[in-house]
Amino acid sequence: YKHTQILKDGITEPVFWFGTNDGGKDLFVCLASGARFSFILAIIVASINLVVGAIYGAIEGYYGGKIDLIMERFCDILGAIPFMIVITLIRYHLDASHVVVLFISFFLTGWMGMAGRTRMQFYRFKNQEYVMAARTLGARDRRIMWKHIFPNTLGTLITSSVLVIPSVIFSES
């Protein structure tokens, strides 16, 4: 290694924890920048999947019946397409960077699991007594969904959203 900044930064003997490559780049810095990209991508994907999946699953679970049947069949059709096929098709048809392709692919395939969990939780809570009381007192569907049922589903949704982050990092790598 060659360290030419001796007088400016006061370092006489530099320390590279993971060593350097042939060009003199610090391997620890390269690893840290790659980890930063992976964490940022995973957190953004998990957040967007949480929002979209929660809204979609809440509509499915609260209204049920034909609306649930149609929306669930749409999820089944999207879920039947393998992840690698989605990446390949997006890469083939969209002339974009790898980051955009990965983000779109993770978004198109990731929100369905969150929608299923939200749907399950809404089915669980929509016939509880406090929901019946709110409905009896004249609360609208939107208020019942977001003020009464949704706060009870948040624990499950946030836990599953946090567990999505490692799987996104693994799939991305």
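Colleague: What is the relative accessible area of Asp 76?
Modeller: The model is a predicted one, in which local features need pLDDT of at least 70 and side-chain atom pairs count only at pLDDT 80 or more, while totals for chains, interfaces and linings use all residues. Residues are numbered from 1 along each chain as its sequence is written, and side-chain values use heavy atoms, with hydrogens and water left out. A residue is termed buried under 20% relative accessible area, exposed over 50% and partly exposed in between (1.4 Å probe, protein chains only). Asp 76 is partly exposed, and its relative accessible area is 38%.

Colleague: Which side chain meets that of Asp 76 in a salt bridge?
Modeller: A salt bridge requires a side-chain nitrogen of Lys or Arg within 4 Å of a carboxyl oxygen of Asp or Glu. The partner of Asp 76 lies 3 residues apart from it, about one turn of the helix, and both are in helix H3; helices (H or I, at least four residues) and strands (E, at least two) are DSSP runs, numbered from the N terminus. The partner is itself partly exposed, with a relative accessible area of 41%. At an N to O distance of 2.8 Å, the side chain in question is that of Arg 73.

Colleague: How many salt bridges are there by this rule?
Modeller: Side chains of opposite charge can pair when their charged atoms come close. Besides the pair of Asp 76 and Arg 73 at 2.8 Å, Asp 68 meets Arg 119 at 2.8 Å, N to O, and Glu 72 meets Arg 119 at 3.7 Å, N to O. The count by this rule is 3.

Colleague: Which residues are linked in a network of salt bridges?
Modeller: Asp 68 in helix H3 (residues 65-79) and Arg 119 in helix H5 (residues 98-125) are 51 residues apart, so their salt bridge links distant parts of the chain. Glu 72, also in H3, is 47 residues apart from Arg 119 in H5. Asp 68 is buried at 7% relative accessibility, as is Glu 72 at 18%, whereas Arg 119 is partly exposed at 23%. The linked residues are Asp 68, Glu 72 and Arg 119.

Colleague: At what angle do the axes of H5 and H7 cross?
Modeller: Axes are lines fitted to C-alpha atoms, for helices over the stretch in contact, and angles run from 0 to 180 degrees between N-to-C directions. By class, the contact of H5 with H7 has 10 nonpolar, 8 polar and 2 charged residues (Ala, Val, Leu, Ile, Met, Phe, Trp, Tyr, Cys and Pro count as nonpolar, Asp, Glu, Lys and Arg as charged, and the others, Gly among them, as polar). The axes of H5 and helix H7 (residues 141-172) come within 9 Å and cross at roughly 145°.

Colleague: Which residues is Ser 161 in contact with, leaving aside its neighbours within four places in sequence?
Modeller: Ser 161 has its place in helix H7 and counts as buried, at 9% relative accessibility. Contact means heavy atoms within 4.5 Å. With neighbours within four places in sequence left aside, the residues are Ala 46, Leu 50 and Met 114.

Colleague: Which backbone oxygen does the side chain of Ser 105 reach?
Modeller: Ser 105, found in helix H5, is buried, with a relative accessible area of 0%. Apart from neighbours within four places in sequence, Ser 105 is in contact with Phe 83, Val 86, Ile 87 and Ile 90. At 2.8 Å, the side chain of Ser 105 reaches the backbone oxygen of Val 101.

Notes. Polar contact = N/O pair within 3.5 Å; in protein donor to acceptor, adjacent residues only side chain to side chain.
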